[in-house]
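Got the viewer open? Let's walk through the model one selection at a time.

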Amino acid sequence: MNAETLLQSWLQGRAVVEPDQTLRLAPRAVPGLAEKFRRAYRWIAGQALHAPYRDLEFGPPVVLGGSEGKVAVHRETSYASFILLPLLTLMTSRRLLIIGGPGRGKTTIATLMGLLAGSSLDEIRHAIQHGHPQLTIADLLGSPLPSELIQARETTAIRVAWRRWISMRVKIIDEYNRIPTKTQSALLSLMAEGYAEMYEQIVHCGNSAWFLTANDDAGGGTFPVIEALKDRIDVVVRCTPFHAPGLDALVERIAASRSPEEFVPADLVFSDVELEAADREIRAVPVPAEVRDVLGFLLGQLDFCRRASDRLDYQNKDTLHLAGRRVGHVCNEDCPLDKHVNLCTQTENGVSARAYQALIHLAKALAYFRGQPEVGIDDVRCLLPWVLHEKLQPNVLSAFFQKLENQVYLTDRVSWLHQLFARSLEQRAGYQPARAEVLKLVKEAGATRDTPPPAELRKRLERVRRALESLLRKNELNGPVHADLVLLKGLHDRYQEQLDTLAGAPR
Amino acid sequence: MIGVLEELAPQIAAEGKRLHAQWDQARFDELTRGPAVSLRDALARQPDSTNAATLTAYLKLLREALGAGYLKHHQTLNSDGPIRSSFLEFGLLHLIPEFLHVEPPHARLDALAKIWNLGEGLLNGPAWMDRYVSAFTSELGRVGDAESFLLRVLGPALSPSEPASWEGPLQIAVLDARPAHDPFLPGDMVLAAPSVLCIRDRRAPDVHLGVLLRKGGQSRILGLFPHLDACDEDAPGPSVQCGEKRLQVGELAIDLPHVGHPHRILTAQAGFVVVSAADSQRLWIVEST
């Protein structure tokens with residue numbers, strides 16, 4: 001490195017004297033998008049919203065206190081879910097439901113996300129869709145131009161005046177549970193398919209982050225929310241309660257007659273190009289095999305129901321539901337599994353692939369936000385309760401919830417889901433020795449894409465059969481064992497198919 | 001000029017708040033009451049039509065530096081005084097307010113832009129470089145000399161050092177870490193650049209000291225540094241053995257006064273062997289041709 005060359009390159013910096021004798025500073029290059037998101041978080045947490053606690057905690061806890069009350073503190077930086085989850089939603093262009101009582105900052109945090117995405121405050125205020133019982137599809141999406149309705153000879157000639165909010169990067173639907181059912185269906189198409197259609201005209205909503213709010217998602221709205229719409233929501237966050245130290249900030253706001261949305265600094269605003277770049281960087285964050293396995297170990301168990309069928313493949317809760325029965329009907333003393341140990345008893349349903357994808361995507365965003373090179377178990381642990389908050393229903397009749405110390409989980413769903421994850425981690429550690437042979441066989445199967453020769457296939461088939469026998473003989477048929485049995489059975493089917501193909505058998 | 005600052009400062013501050021998430025209004029007020037007043041007064045002693053534009057440009061630079069987080073609050077470490085500032089901070093808060101008026105009026109805006117660009121370049125460069133330059137800022141007394149000053153200071157540190165022949169004779173210099181940081185006890189050492197050493201405090205792993213290695217017994221302590229990674233040196237060094245009060249470098253030997261038990265030894269291919277002792281705050285810098 002030559003000093004003179006280096007100095008010359010520095011002198012081409014962003015401070016320039018213009019011909020009119022004014023000094024101009026070009027915008028500063030962003031040091032890194034993840035750092036910019038962290039700055040945005042810090043600014044919101046420090047200047048815009050008062051979050052009394054940071055409930056997304058990382059690293060091993062240090063538990064203080066005793067039987068009367070415990071407090072866990074952590075040695076790594078913690079974050080407030082009420083601020084970070086909206087930011088992760090913006091980063092991933094997903095769909096967030098913000099729930100909480102009136103005046104708790106639901107619309108404010110959503111508006112802040114819109115401002116970070118580059119819209120002006122006026123634009124956002126005009127674009128917020130306020131749910132109310134008279135909201136029509138035309139109110140929501142737009143309407144055909146009246147003159148063309150009269151003059152057009154065919155529907156394709158009718159131009160539609162689409163509402164502007166549809167193409168905005170951040171979409172805010174306030175009090176979505178007050179929207180009439182028919183209009184909810186139109187909203188569902190937009191959220192699910194990414195476009196709306198009217199008079200054979202189509203409008204695409206592009207890559208966008210959705211923020212929906214509800215005062216009470218458990219039936220307090222004017223209309224019940226259709227299940228398909230609920231299912232499209234990727235993650236949920238709760239408003240934080242008011243906390244006395246936040247009062248000072250509110251007093252200051254009253255004195256200054258300003259709200260936090262009015263002054264988002266320009267250096268925190270993301271361009272579309274930056275948001276797209278962040279999206280690409282986030283998707284590239286790797287998810288290690290161990291993290292995938294930890295997640296699979298838990299989610300596999302939740303769907304399992306031993307009493308749903310005698311056949312291995314159908315031993316899941318969907319079988320029960322399709323027959324019009326509920327887990328509570330069969331999860332009783334007739335099922336030999338210990339209800340205080342096995343996790344399958346705790347839930348009424350399993351988790352869809354869509355929820356799994358949302359969790360993985362958000363975990364990648366969280367790892368990226370934290371500056372981690374790959375997704376860690378902590379990232380998944382922190383996000384899982386918020387992604388499954390509205391998707392996983394407890395089986396309230398389970399013996400697990402009859403125990404006094406577990407009844408609190410029926411009111412505190414986040415802690416319930418944390419507990420599920422923690423127990424699953426413990427169980428996985430205890431079950432690992434029994435899985436050793438299964439994992440070996442899976443690894444062997446994944447080692448190459450080439451079909452092994454017939455002799456090798458026959459050997460593998462024999463080993464898979466022995467592993468199946470061994471698992472069944474040495475373990476009770478519970479969620480984790482069931483997942484491995486399904487895995488091995490699938491492996492067996494695959495090898496058999498390969499063997500048949502090599503033998504030229506018709507398929 | 002009277003009233004210009006009072007008029008400009010609130011406008012610049014409002015812009016700062018609009019633009020920057022890290023905006024610190026109290027600190028900006030402090031700067032407009034301190035360095036900005038010094039500059040305004042110095043300029044006012046030489047009335048010129050460019051003075052208002054100069055002051056405006058200076059306030060803009062303060063705003064940008066504050067918003068970008070370049071101007072830190074001075075932190076004291078074990079009551080030893082402030083940690084060394086960056087070159088940009090030195091330029092904005094000391095050099096410009098005290099010496100810009102010396103420059104001809106038509107050259108002042110260019111001088112401001114130059115200080116900014118050089119300072120920001122240093123901030124964005126390798127971590128050692130800004131700290132290293134900051135250790136010499138007392139030698140810079142004119143805004144217009146900034147470029148030549150940096151060339152003079154950075155040149156030797158950036159020039160690739162010819163591997164020493166280690167033919168001797170050996171010469172020794174002893175540096176004391178205490179004036180830079182009283183409780184400093186030299187621990188692990190790395191070369192951050194061919195002639196810049198970064199030493200960790202054995203008792204406080206977050207505290208590091210920078211040392212400049214210079215021939216002719218001119219090595220010196222640069223002050224507290226951030227943690228720096230080691231740079232690679234590929235030339236093989238001589239065999240070095242250190243015993244009680246004596247250092248053997250290849251075929252050559254030299255007495256190390258007061259070294260009881262050596263703690264760490266580092267060899268730089270430019271011809272230096274740096275020794276620390278288990279029970280001392282000093283550093284023994286042995287150099288060869």
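Start where the two domains of chain B touch: 12 residues of domain 1 of chain B are in contact with 16 residues of domain 2 of chain B. Keep in mind throughout that this is a predicted model. To colour the two halves, select 4–157 for domain 1 and 171–287 for domain 2, following the domain assignment of chain B. Drop a marker at each domain's centre, taken over C-alpha atoms, and you'll find 34 Å between domain 1 of chain B and domain 2 of chain B.

Which helices should you light up on the domain 1 side of chain B, where it touches domain 2 of chain B? Pick helix 7 (127–134) and helix 8 of chain B, as each supplies at least two residues there. Helix 7 of chain B gives the most to that side, with 4 residues. Colour the domain 1 side of this contact by class and you get 8 nonpolar, 1 polar and 3 charged residues.

Next, show both chains. The contact between them takes 29 residues from chain B and 23 residues from chain A. On the chain B side, select helix 1 (4–19), helix 4 (51–67), helix 6 (108–124) and helix 8 (146–158), each of which supplies at least two residues. Linger on helix 6 of chain B, which gives the most to the side touching chain A, with 10 residues. By class, that side of chain B has 15 nonpolar, 6 polar and 8 charged residues.

Now zoom in on a helix pair in chain B: helix 3 (residues 35–44) and helix 5 (residues 87–99). Their axes come within 7 Å and cross at roughly 15 degrees. Angles under 35 degrees count as roughly parallel, so that is what helix 3 and helix 5 of chain B are to each other. The crossing of helix 3 and helix 5 of chain B is left-handed. Show side chains for B:Pro35, B:Ser38, B:Leu39 and B:Ala42 in helix 3, which meet B:Leu93, B:Ile96, B:Pro97 and B:Glu98 in helix 5. That contact has 6 nonpolar, 1 polar and 1 charged residues.

Last stop: colour by confidence. Chain B averages a pLDDT of 87, and 93% of the residues score at least 70. Among the elements of chain B, helix 6 has the highest mean pLDDT (96), while strand 6 (residues 240–243) has the lowest (83). Then select residues 75–83 of chain B, where the pLDDT is below 50. Beyond near neighbours in sequence, that stretch has 12 contacts in the model. For the model as a whole, the scores are ipTM 0.82 and pTM 0.78.

Conventions. Residues are numbered from 1 along each chain as its sequence is written. Chains are lettered from A and ligands numbered from 1 in the order in which they are written. This is a predicted model: local features need pLDDT of at least 70, side-chain atom pairs count only at pLDDT 80 or more; totals for chains, interfaces and linings use all residues. Axes are lines fitted to C-alpha atoms, for helices over the stretch in contact, and angles run from 0 to 180 degrees between N-to-C directions. Angles under 35 degrees count as roughly parallel, over 145 as roughly antiparallel, 65 to 115 as roughly perpendicular and the rest as oblique. A crossing is left-handed if the near helix is turned anticlockwise from the far one by less than a right angle, and right-handed if clockwise. Two residues are in contact if their C-beta atoms, placed from the backbone, lie within 7 Å. Ala, Val, Leu, Ile, Met, Phe, Trp, Tyr, Cys and Pro count as nonpolar, Asp, Glu, Lys and Arg as charged, and the others, Gly among them, as polar. pLDDT is the predictor's confidence in each residue, from 0 to 100. Domain bounds come from an automatic or database domain assignment.
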